[in-house]
Amino acid sequence: MNNPMRSRIVLGVSSCLLGQRVRYDGAARRDAYIVDTLAPYVEFVPICPEVEIGMGVPRPPLQLVGDPAHPRMLGVVDARADFTAAMQHFGATAGPRIEHISGYIFKSRSPSCAVWDTPIIAAHGSRHAYGAGLFVREIVKNNPILPLQDECGLHLPVLREHFFEQVFSYRRWRAQVMSAPTLAALREFHSAYKFSLLAHHPNGYRALSRKLAAAAMSRTFAAQYARQFFAALRIPATRVSHANVLQQMLGYFKKVQRLTSAGASRKSSCAIATACSN
């Protein structure tokens, strides 16, 4: 049987970041880190949602307009060109294509692909908010625990490390728990991530531990656990929280050191006794 933990990590990615000329102006936004550094170690699933819904290259630019919670995707030049329904449908039905990914890298500021920073224009034409692109909103709606980042975040070491921590955790979750959802597998997963959770969200770890102690395993409970686990993991760890976790870990080493010292003392005493009896 194929072990998913031994295969390469699979990541979704905005096609333009790989150098594909699919941008509205016919250009690419090739990202050197993604293509030159990351690509040798992962498998990419590239998608350009605007091309997928039938828009050509080049094409008129798009923007999000209206209510920041429920914006519409309209043409910049011709606001009568409304691609909202088409983009929402594509995002809602893209699941099979990204079923095996462990994370997604999106193009920043895109009305389709931005994770959090595309401008949303008010009805009167002023920029009044920033938010996620329409395609991303559908992906999050259908898989709220999937790790997301944009290419700008990958250029910042702290955000990059945080993203890949979530990617590896998500991959392990799918391989260890979702492939065989048992209470034993869930408790093993929880135990393995004790210190990670304590570094990111100590109260979240304790809340999950209490729920797990009284849990009856079901897919509903596993889904609830996953949402809370990845919500806790998304909270950035701080230097203080890392220091607290390291101090807790040091306590375990002290216990091991005491046991080792006690064992050595017993061996030494036995050796002395044996020598004296001879």
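**Entry 1: a glycine in a loop**

Does G54 count as buried or exposed? I looked this up first, and at 63% relative accessibility G54 counts as exposed. The cut-off for that word is over 50%. G54 sits in the loop between α2 and β3. I also checked its distance to A86: the two are 32 residues apart in sequence, yet their C-alpha atoms are 9.2 Å apart in space. A reminder to myself: this is a predicted model.

**Entry 2: the whole chain**

Next I stepped back to see the overall picture. I counted eleven helices and eight strands in the chain. The chain has 278 residues, and buried ones make up 41% of them. Then I looked at contacts between residues at least 6 apart in sequence, and 63% of these join residues at least 24 apart.

**Entry 3: the open sheet**

In what order do the strands of the four-stranded open sheet stand? I read the order as β2-β1-β5-β8, with parallel pairing. β2 (42–47) and β8 (148–150) are at the edges with a single partner strand each, so one side of each has no neighbour in the sheet. I also looked up the twist: neighbouring strands in this sheet are turned by 25 degrees against each other on average, ignoring direction.

I then followed β1 to its partners. On one side, six bridges join β1 to β2, and the two run parallel. One residue pair I could pick out is V13 with its bridge partner P46 in β2. Two bridges also join β1 (residues 9–14) to β5 (residues 104–106), again in parallel. Here G12 has Y104 in β5 as its bridge partner.

How many of the residues of β1 are buried? Six of its six residues are, and the strand is mostly covered. I9, L11 and V13 point one way, while V10, G12 and S14 point the other way, and all are buried.

A helix belongs in this picture too. Helix α4 (residues 134–142) lies across β2, β5 and β8. I noted that α4 runs at about 160 degrees to β5.

**Entry 4: β3 and its partners**

I moved on to β3 (62–65). Four bridges join β3 to β4 (residues 72–75), and these strands run antiparallel. Q63 stands opposite L74 in β4. β3 and β4 form a hairpin with six residues between the strands, and in this hairpin G66 takes a positive phi near 105 degrees.

β3 pairs with β6 as well, in the parallel sense and over two bridges. For this pairing I noted V65, which stands opposite I121 in β6.

**Entry 5: two unusual backbone spots**

Before this entry I reminded myself of the usual case: most residues other than glycine have a negative phi, and most peptide bonds are trans.

Which two residues does a cis peptide bond join? They are V57 and P58, with omega about -5 degrees. P58 lies in the loop between α2 (49–52) and β3, the loop that also holds G54.

The second spot is R109, which has a positive phi of about 65 degrees although it is not a glycine. I found R109 in the loop between β5 and β6 (118–121). With a relative accessible area of 43%, R109 is partly exposed.

**Entry 6: the serine beside R109**

S108 is also in the loop between β5 and β6. Its relative accessible area is 6%, so it is buried, since buried means under 20%. What does the side chain of S108 make a polar contact with? Its partner is the side chain of E151, at 2.9 Å. Leaving out residues up to four places away in sequence, S108 touches A114, D117, D150, E151 and C152.

**Entry 7: the largest pocket**

I finished with empty space. Rolling a probe the size of a water molecule over the atoms shows where such space is left. The largest pocket holds about 430 Å³. It is lined by 25 residues, and the closest to its centre are R23, Y24, R109, S110 and P111. I was pleased to meet R109 again here.

Which element gives the most to the lining of the largest pocket? It is β6, with three residues. α2, β3 and β6 each supply at least two residues of the lining.

Notes
Residues numbered from 1 in each chain as written. Predicted model: local features only at pLDDT ≥ 70, side-chain atom pairs only at ≥ 80, totals over all residues. Heavy atoms only, no water. Pairing = 2+ DSSP bridges. Axes fitted to C-alpha atoms, helices over the stretch in contact; angles between N-to-C directions. Contact = heavy atoms within 4.5 Å. Buried < 20%, exposed > 50% of the residue type's maximum accessible area, 1.4 Å probe, protein only. Polar contact = N/O pair within 3.5 Å; in protein donor to acceptor, adjacent residues only side chain to side chain. 1 Å grid on protein atoms, 1.4 Å probe; cavity = no way out; pocket = protein on both sides within 12 Å on 5 of 7 lines; lining within 4 Å. Points joined across faces, edges and corners; volume = space filled by probe spheres on them.
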